[in-house]
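User: Please take a close look at one part of this structure: the place where the two chains meet. I am new to it, so explain the terms as you go.

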Amino acid sequence: MQQATDSMVQTLLDYLKQPLSALQEWLAPLLPGDEWAAYLAFALYVLIIVGGGLGAILSRNLIRAMLGLVMTFLGVAGMYLLLASPFLAFMQLLIYVGAVCVLIFFAVMLTHNTDGGEESRLPSVASVAYGLLALLAPLAVFGPFIVMYAGRVPVATPEVEGTDKLGAGLLSSYVLPFELISIILLVAMAGAVYLAFRGYNPKSDGLNQ
Amino acid sequence: MTTLTYFLLASLLLLAMGLAGLITRRTLVGMLISVELMLNGAGLSIVAAYKSIAAADGVLGQLAALFVMGLAAAEATLVLAMILVVQRRFGKVTSQDISILR
């Protein structure tokens, strides 16, 4: 009885593995080398980035645009993982998704710019034309350079550096930029508080003087 | 075409989409979203270059990307404060209506 169950489970597992290995065999000639999983992940992340980015710039609802932005952040975090920088991927989620998106959400909320706001009207034809130009200009200017020259640099497979190396770098060679960014963050915070509270009237709702 | 090319093309896409959004958006909040897209592209290109190129120091690239993230956070904070001020002063945050300095 026990043996029969085992063999049944084994058959089921083999059956489940079949489509995966078939997919692998089918994809293998299309992909260079045996790094096909990395290329597959890269394609997936590019899809996430482009889909999220298009949502972020085209959506007529700013909350949906922000959700597209979150999707793009997730795709870029995946790219950092592919580049063997797990700490950066973590920081991407923590800083961008955790902090910047909340700030943007507050900005949307405080300006009442959700559904029937300024962005809900369709843009004019001229604005769309300029947008297309702005979309194509960087691609036309930098694209050929990247395709021509980036392939000539000798590349190596990236390796994971521990956070201990990052910390050592921050406290030895790159201590000046580290201090500088602390000052910048402090000044930005003080400036933001000053700007937001200047002329603040506690009796009004804070938005209309 | 090496992996570096693919990563740089992905970051170029981010830059192009951010620039297009910056042009087409009417409100400051939408423009802030587009700027964040572009900054993400910048960070991605820095990390891709430093981690892929054989002769480059990967630690330096990661630290540079961390600085870009810090600057993006500072920028978002300041822009939120500016949006608040503009909303109080003009009643709306469309870039068309903010044309006087005083």
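Analyst: Two residues are in contact if their C-beta atoms, placed from the backbone, lie within 7 Å. This is a predicted model: local features need pLDDT of at least 70, side-chain atom pairs count only at pLDDT 80 or more, and totals for chains, interfaces and linings use all residues. Residues are numbered from 1 along each chain as its sequence is written, while chains are lettered from A and ligands numbered from 1 in the order in which they are written.

By the contact rule, 75 residues of chain A are in contact with 66 residues of chain B. On the chain B side, α1 (3–24), α2 (28–52) and α3 (58–90) each supply at least two residues. Helices here are DSSP runs (H or I, at least four residues), as are strands (E, at least two), numbered from the N terminus. α3(B) gives the largest share of that side, 24 residues. By class, the chain B side has 44 nonpolar, 16 polar and six charged residues. Ala, Val, Leu, Ile, Met, Phe, Trp, Tyr, Cys and Pro count as nonpolar; Asp, Glu, Lys and Arg count as charged; the others, Gly among them, count as polar.

Now the chain A side. Chain A has seven helices and zero strands. One of its helices, α4 (residues 86–110), meets two helices of chain B.

Take α3(B) to begin with. Its axis and that of α4(A) are 10 Å apart, at an angle of about 5°. Axes are lines fitted to C-alpha atoms, for helices over the stretch in contact, and angles run from 0 to 180 degrees between N-to-C directions. That makes the two helices, α4(A) and α3(B), roughly parallel. Angles under 35 degrees count as roughly parallel, over 145 as roughly antiparallel, 65 to 115 as roughly perpendicular and the rest as oblique. On α4(A), the residues that meet α3(B) include A:F87, A:M91, A:I95 and A:L103. Among their partners in α3(B) are B:L66, B:M69, B:A73 and B:L80. This contact has 20 nonpolar, three polar and no charged residues.

Next comes α2(B). Its axis comes within 11 Å of the axis of α4(A), and the two cross at roughly 170°. α4(A) and α2(B) are therefore roughly antiparallel. A:L88, A:V100, A:I104, A:A107 and A:V108 meet B:V29, B:L32, B:I33, B:E36 and B:V47 here. Nine of these residues are nonpolar, none is polar and one is charged.

Look closer at α2(B). This helix holds B:G43. B:G43 is buried, with 27 other C-beta atoms within 10 Å. A residue is buried if 20 or more other C-beta atoms lie within 10 Å of its own, exposed if 12 or fewer, and partly exposed in between; C-beta atoms are placed from the backbone. Leaving aside neighbours within four places in sequence, B:G43 is in contact with B:A65, B:V68 and B:M69. B:G43 and B:F67 are 24 residues apart in sequence, yet 9.0 Å apart in space, C-alpha to C-alpha.

Finally, α2(A), residues 36–58. Its buried residues are A:Y45, A:I49, A:G52, A:G53, A:A56 and A:I57. What covers them includes α3 (62–82) of chain A, together with α1 and α2 of chain B. Across chain A, buried residues make up 21% of the 209 residues.

How values were computed: The expected span of a helix is 1.5 Å times one less than its number of residues.
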